[in-house]
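Student: Could you walk me through this structure with some questions and answers? I would like to learn how to read it step by step.

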Amino acid sequence: MQSLTVKFKELCFRQVSSAPLVVFRILFGALLFYSTVRTIYKGWVHELYVLPTYHFTFIKDLPLPSENTIYAIFGLLALSSLFMIFGLFYRISATVFFLLFTYVELIDKTYYLNHYYLVSTLVFWMILVPAHRSYSLDSLIFPKIKTTICANWCILIFKVQLSMVYFFAGLAKVNADWLLQAQPLATWLPGRYTLPVIGKWLYLKEVAFLFSWLGCLYDLFIWAFLWFKRTRPLAYFFVLVFHILTGILFPRIGMFPYIMIVSTVIFFSADWHQKLLHFLPNNSLNENDRSSKKNALLVPYLLTAYFLVQLYLPLRHLQYPGNLFWNENGYRFSWRVMLMEKNGFTNFILKDPKQNTQKQVNLDNYLTPFQQQQLRSQPDMILQFAQHIGQLKEKQLGYAPEIYVESRISLNGRRSQVFIDESIDLYDKGDLNSKNWLIPLTK
Amino acid sequence: MIRGNTKNTFTLGVLSLMVLAVLSLSSCKEDDETGITDDNQNQPSATDFNDLLTNQVNEVIIPTMVTYQSKMASFTNAVNGFTTQIDSSNLQITRNAFKEAYLAYQAAAVHNYYATANAGLVENTNLYPIDPSMLNDFISNRSYNFGTTAQMRANGFPALDYMLYQPTDGVAYFQADGNRVDFLKALVASMKSKADDLVAAWSGNLQTNFVSNGGTALGSSISVQLNDGLIYYEDHIRESKVGFPIGKSGPNDSPFAADPTKIEGYYQSVAEGNEGFTLQLLRASIEEMEDLYLGKGNLQVDGIGYDDMLLIRNQATVNQDIKNYFAAIYTEINERNSINGNEELYNSVQALVTIYKSDLLPLLNVQDADGLNDGD
């Protein structure tokens with residue numbers, strides 16, 4: 001047991017070239033910068049954070065930014081990612097980016113994306129690793145920090161994290177809908193028939209099955225082949241093919257393919273990265289290459305704790321009863337990507353118990369079309385909105401109204417089923433933990 | 001040495017994960033209770049989608065617009081005849097032509113998207129009840145512009161309904177005031193010109209663009225036709241034709257005061273003492289909604305429609321249910337002689353909205369909103 005701990009520590013603290021880290025800093029920083037500028041340029045800051053009058057916050061009573069603040073935040077995100085690329089005040093920049101980016105993601109569940117969550121986790125580790133000690137402005141300004149080596153864990157952490165993303169994304173595809181019905185791909189692909197060349201084949205059920213199975217196998221195993229030197233070039237070729245293809249088929253996934261294509265570069269060897277860096281100017285290297293070990297004691301515990309959490313999150317759904325896709329207990333933060341086509345209608349009915357009148361809530365008055373679309377099929381958002389409408393109305397009325405929800409949802413090519421128990425007043429009796437107001441999926 | 005061990009441990013770890021994955025994979029094979037229709041289900045191909053869109057625009061939409069255009073032409077002729085010689089026989093001819101044009105309009109308005117929506121057909125041609133005093137002001141002031149919002153409550157068929165049926169003596173009504181004659185001619189001319197524009201627009205670039213704007217994403221022709229068609233159905237068929245007169249707005253609202261004067265073709269129904277024509281107007285709009293669904297052209301030839309898309313996806317029961325819902329609406333219409341009365345007519349109209357939203361749109365993967373950011 002002791003020897004295992006020793007081995008683990010040896011593995012973590014072995015001194016290795018920091019070249020992969022430096023390349024990662026530059027490439028990933030550039031991607032963050034591009035992505036932030038793109039969001040501002042496309043007007044999404046306005047559409048997503050200024051226009052809506054209500055937000056489905058992840059944390060109750062999360063303070064919401066004003067219009068000026070949200071633009072300042074995106075300005076700072078762009079600036080801090082630019083600083084990360086050049087390695088200028090790197091740790092501060094990375095910290096600023098991590099905190100602001102994560103805050104923005106917590107504002108609305110509507111916009112939750114696994115790859116945003118991935119960005120948060122990767123940038124969190126970027127704060128802690130010395131990616132700025134060479135080929136950086138920091139190493140020019142503060143020559144003392146200059147070094148080309150780092151502890152092995154600083155690179156391992158990214159490789160392990162990315163491996164987990166792939167593996168759990170693959171494991172999530174090991175379900176009957178995906179493998180035995182090729183759903184939801186069978187629902188999605190036929191509508192993409194306008195694509196050049198491949199479009200006309202996409203309606204074939206065989207293609208949906210092929211893509212489903214290959215996608216599942218790819219996610220389950222690709223990371224393993226990225227670890228080994230011999231299989232790495234071919235594996236990376238598949239990374240390119242797979243992500244470019246999914247990017248073409250599903251343009252809505254936006255930055256995701258690029259994030260994976262860029263971040264998996266870290267699997268390549270230090271020599272390979274060093275060769276890339278030769279193209280960059282660098283101040284002469286400090287002869288006394290060294291790595292700080294001041295946090296050596298804490299690191300193994302931090303790593304262990306972190307990965308225990310990362311193991312727990314994707315598997316936490318096992319502790320909840322019912323169909324995961326239907327109930328969505330433990331669906332987010334677990335690398336479940338492209339698994340569902342879930343749609344239908346969800347109406348909110350506001351009842352005044354004293355007047356004995358009722359009225360269907362006009363969602364257009366409260367939510368954007370995108371928020372309405374996401375709300376329709378996500379139980380926690382339905383409850384959150386019912387409570388919000390209830391509170392607004394209670395202030396007006398001076399007494400509690402009743403909020404009922406009428407909803408039918410179709411999941412992955414199934415006929416629609418009743419989603420919410422129409423007889424339960426969600427304002428009074430809606431409990432997020434018990435979810436007794438959710439009608440179980442019958443088949 | 002240690003390094004080698006680490007590598008072995010790692011390889012072992014990878015292998016055991018692979019085994020774990022394969023095991024869970026094989027265990028799920030026993031679970032075929034997915035509730036999704038059988039494994040042999042097919043999918044609509046590019047040809048199917050193209051056939052659907054081609055049939056919709058060539059056989060359903062354009063012939064509907066052409067029919068409306070020709071009925072408006074006949075109506076214009078009748079009005080010209082009547083205004084040249086104002087007598088009861090010509091009034092009767094005009095009234096008959098009015099009814100035919102109004103019925104043809106019902107079908108055109110169901111396609112309230114693209115050129116039809118851009119032309120503001122519904123807003124300019126059929127908002128009711130009208131405001132009679134506003135109408136009379138327009139007539140006597142001789143100031144009218146049928147394309148403006150200011151005119152909305154004194155425009156189109158409802159304004160004609162008032163002029164042709166409200167006066168107890170229609171011939172005397174027009175003989176007494178040349179402004180009325182002029183207004184009648186101007187209004188009908190403007191409606192006819194809009195009908196001409198619609199045919200021209202739908203038979204122009206739109207005819208090919210409608211087909212080439214493929215797919216089912218937001219903004220595709222299918223998404224526009226179904227979503228905007230449904231919005232028209234909810235606002236102008238369910239609410240305007242049935243909900244408002246019976247005192248209901250939205251399926252979940254408490255009833256409010258019913259107002260039978262809010263029915264479509266109100267003055268005609270008073271003059272003729274029954275709501276037969278009002279019910280016919282409702283039936284005509286439901287029939288076009290059904291034709292759109294079935295892909296049925298003017299000659300009632302059943303081409304490829306959304307029913308066929310459901311059938312290709314092995315959703316025969318959903319298709320049958322939708323057809324039954326249409327049949328149920330006709331039954332309700334046949335069984336009554338007034339829009340007013342119990343809520344069963346309203347409920348049968350609403351049932352179609354429910355199944356469209358819960359099944360037709362999701363099963364065909366037709367989107368009604370798009371993430372403005374990256375989806376996954």
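Student: Before we begin, what kind of model is this?

Tutor: Residues are numbered from 1 along each chain as its sequence is written, chains are lettered from A and ligands numbered from 1 in the order in which they are written, and side-chain values use heavy atoms, leaving out hydrogens and water. Local features need pLDDT of at least 70, side-chain atom pairs count only at pLDDT 80 or more, and totals for chains, interfaces and linings use all residues, since this is a predicted model.

Student: Thanks! Is Cys150(A) buried or exposed?

Tutor: Here is the rule: buried means under 20% relative accessible area, exposed means over 50%, and partly exposed is in between (1.4 Å probe, protein chains only). Cys150(A) has a relative accessible area of 0%. Cys150(A) is therefore buried.

Student: Why is Cys154(A) not bonded to the closest cysteine sulfur, in Cys150(A)?

Tutor: A disulfide is a covalent bond between the sulfur atoms of two cysteines. Here it is counted when a pair of cysteine sulfur atoms lies within 2.5 Å. Cys154(A) is itself buried, at 3% relative accessible area. Its sulfur is too far from that of Cys150(A) for a bond, because the distance is 4.8 Å.

Student: How many disulfides are there over all chains?

Tutor: The cut-off we just used applies to all chains. Cys150(A) is in no disulfide, with the nearest cysteine sulfur belonging to Cys154(A). The count over all chains is 0.

Student: Let's turn to chain B. How many helices does chain B have?

Tutor: Helices (H or I, at least four residues) and strands (E, at least two) are DSSP runs, numbered from the N terminus. In chain B the number of strands is 0. The number of helices in chain B is 16.

Student: What percentage of the 376 residues in chain B is buried?

Tutor: Let's look at the surface too: chain B has an accessible surface of about 14,900 Å² (Shrake-Rupley method, 1.4 Å probe; for residues, only the protein chains shown count as cover). Carbon and sulfur atoms hold 51% of that surface. As for the 376 residues of chain B, the buried part is 53%.

Student: Which residues does Glu290(B) contact, leaving aside its neighbours within four places in sequence?

Tutor: Glu290(B) sits in helix α13 (residues 276-294) of chain B. Glu290(B) is buried, with a relative accessible area of 17%. Contact means heavy atoms within 4.5 Å. With those neighbours left aside, the partners of Glu290(B) are Phe326(B) and Tyr330(B).

Student: And which residues does Glu332(B) touch, not counting residues up to four places away in sequence?

Tutor: Find Glu332(B) in helix α15 (residues 316-334) of chain B. Glu332(B) counts as buried because its relative accessibility is 14%. Beyond those sequence neighbours, Glu332(B) touches Glu344(B), Leu345(B) and Ser348(B).

Student: Now for charges. How many salt bridges are there over all chains?

Tutor: Side chains of opposite charge can pair when their charged atoms come close. A salt bridge here is a side-chain nitrogen of Lys or Arg within 4 Å of a carboxyl oxygen of Asp or Glu. Over all chains the count is 24.

Student: How many residues apart in sequence are the parts that Asp219(A) and Lys173(A) tie together?

Tutor: The side chains of Asp219(A) and Lys173(A) meet in a salt bridge, at 2.6 Å from N to O. Asp219(A) is buried at 5% relative accessibility, and Lys173(A) is buried at 6%. Asp219(A) lies in helix α11 (residues 205-227) of chain A and Lys173(A) in helix α8 (residues 153-173) of chain A, so the pair ties together parts whose separation in sequence is 46 residues.

Student: With which residue does Arg376(A) form a salt bridge?

Tutor: Arg376(A) is buried, with a relative accessible area of 11%. The closest N and O atoms of the pair are 2.7 Å apart, and the partner of Arg376(A) is Asp368(B).

Student: What does the pair of Arg376(A) and Asp368(B) join?

Tutor: Asp368(B) counts as partly exposed at 32% relative accessibility. Arg376(A) lies in helix α17 (residues 369-377) of chain A and Asp368(B) in the segment after α16 (344-363) of chain B, so the pair joins two chains.
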